[in-house]
Amino acid sequence: METLRIMSVFGTRPEAIKMAPLVKELAAREGVASICCVTAQHREMLDSVLAVFDVKPDWDLDIMTPRQTLSTITSKCLMGMDEAVDALKPHMILVHGDTSTTFAGALSAFYHQIPVGHVEAGLRTYDKYSPYPEEMNRKLVTAIADLYFCPTRSNRENLRREGVTEGVFVTGNTVIDALKTTVREGYTFSTPELNRLPYGSKKVLLVTCHRRENYGQPMEDIMSALAEIARSHDGVELVYPVHLSPVVQECAKRHLGGIGNVHLIPPLAADEMHNLMARCYLVLTDSGGLQEEAPALGKPVLVLRRETERPEAVTAGTAKLAGVDREAIVRMAGELITDPAAYRAMAHAVNPYGDGLACRRIADAILWHFGRGECPEDFSA
């Protein structure tokens, strides 16, 4: 029987965190050659994740350039994928989520008439410009894909409303699989500042903010709110691993630089971020991945966006939509810092995103698709 060549394509740090466990799960399956192709849409941050999970790419497009645009990312991915696909001849290409790499990888697979599996399928805000460009990327991939691996039942329902009912699986989110390998007791950070934080005596607030749709006034208001939170609560330490984007770097330093209980640090490796999250008190973020990771660690999340394609956390009570309004962010964070009952209600809510077996279900579904195994049962929170 011919060995199945399954190519996983990804290029950003969040994609790598969620795809690395799947690359390794497929490599452990008999009769499967797990091929890893990275675009390096984010070079440094991607490499740190690959090192943490000990994943070595079989093909590296290395497309990243300074101040790259969406057009350059997409076009360079497409051109590079031609060579990779011709050389490696995969039977299926897996893409993840909603980045420009995701869209270009799926489009390249279509051009080569290769089936596409979409990991983390079915997320929607129904506003094509928010998140931008992610919402349109994932909708376009839906039109191309053959297999859809939905983290939750509501994601599957989104696809059903769009007429997609074949090849759809509810798997849970692979990020929960990743956390099982990265969060450890007694973990020592390679960033010395993180080892010195007073986790027991003060409330450590973990912040990330980097999304394109927040550029401009929304980011100004978010940073201003963070500064107010830090200044008005002596018992907190605010830790912000600042994204490498020059736009984000400049805004963060202007609003938050020089505040004594604010720590602006470089981006963290996946294991560093996960262990910091495990020790923090509260997460404030516009990231998609952190909305899924934090509930698995019992940490409330304030989402710094106008809407979220991950409403399950809001419904379950593990996350609240704070938006981008300065006063709302300050008020909602203040409540969680000062009201133990409000905090407990969020921290003890049920995590809706997975049981750590998503990669197993995805691998089973791929083998089933090729007639080499049983159809997996859906994940149910």
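## An open pocket

About 270 Å³ of space lies in the second largest pocket of this structure, which is a predicted model. Let's start there and see who lines the walls. The lining of this second largest pocket is made up of 14 residues, and those nearest its centre are P21, E25, D177, T181 and C359. Four elements each give two or more residues to the lining: α1 (13–27), α2 (43–53), α7 (174–182) and α16 (358–369).

Which of these helices gives the most to the lining of the second largest pocket? That is α7, with four residues. As for chemistry, the lining of the second largest pocket divides into six charged, five nonpolar and three polar residues.

## A closed cavity

Now for enclosed space. Rolling a probe the size of a water molecule over the atoms shows where empty space is left. The structure holds one cavity of 30 Å³ or more, and about 50 Å³ of space lies in the largest cavity.

If you would like to find the largest cavity on screen, look for its lining residues: H96, V119, E120, F149, C150, P151, T171, G172, N173, T174 and I362. By class, this lining has five nonpolar and five polar residues, along with one charged residue.

## Where α1 meets α2

Two packed helices are described by the angle between their axes and the distance between the axes. We met α1 and α2 at the second largest pocket, and these two helices also pack against each other, at an angle of about 30 degrees with their axes 9 Å apart. Angles under 35 degrees count as roughly parallel, and α1 and α2 are therefore roughly parallel to each other. The crossing of α1 past α2 is right-handed.

On the α1 side, the contact is made by R13, A16, I17, A20, P21 and K24, and on the α2 side by M45, L46, V49 and F53. The residues of this contact between α1 and α2 divide into eight nonpolar and two charged, with no polar ones. P21 of α1 takes part in this contact and is also one of the residues nearest the centre of the second largest pocket.

## Where α3 meets α4

Another helix pair to visit is α3 (residues 70–88) with α4 (residues 100–111), which pack at an angle of about 40 degrees with their axes 9 Å apart. That angle makes α3 oblique to α4. The crossing of α3 and α4 is right-handed.

Which residues of α3 and α4 meet? From α3 come L70, I73, T74, C77, L78, M81, D82 and V85, and from α4 come S100, T101, F103, A104, G105, L107, S108 and Y111. By class, the contact of α3 with α4 has ten nonpolar, five polar and one charged residues.

## Backbone details in the loops

A few spots in the backbone deserve a look. The peptide bond from S130 to P131 is cis, with omega near -5 degrees, and P131 lies in the loop between β5 (116–119) and α5 (134–144). A cis peptide bond also joins Y132 and P133, where omega is about 5 degrees. P133 has its place in the loop between β5 and α5.

Then there is K89, which is found in the loop between α3 and β4 (92–96). Phi of K89 is near 50 degrees, a positive value in a residue other than glycine.

Key. Residues numbered from 1 in each chain as written. Predicted model: local features only at pLDDT ≥ 70, side-chain atom pairs only at ≥ 80, totals over all residues. Heavy atoms only, no water. Axes fitted to C-alpha atoms, helices over the stretch in contact; angles between N-to-C directions. Parallel < 35°, antiparallel > 145°, perpendicular 65-115°, else oblique. Left-handed = near helix turned anticlockwise from the far one by under 90°. Contact = heavy atoms within 4.5 Å. Nonpolar A, V, L, I, M, F, W, Y, C, P; charged D, E, K, R; others polar. 1 Å grid on protein atoms, 1.4 Å probe; cavity = no way out; pocket = protein on both sides within 12 Å on 5 of 7 lines; lining within 4 Å. Points joined across faces, edges and corners; volume = space filled by probe spheres on them.
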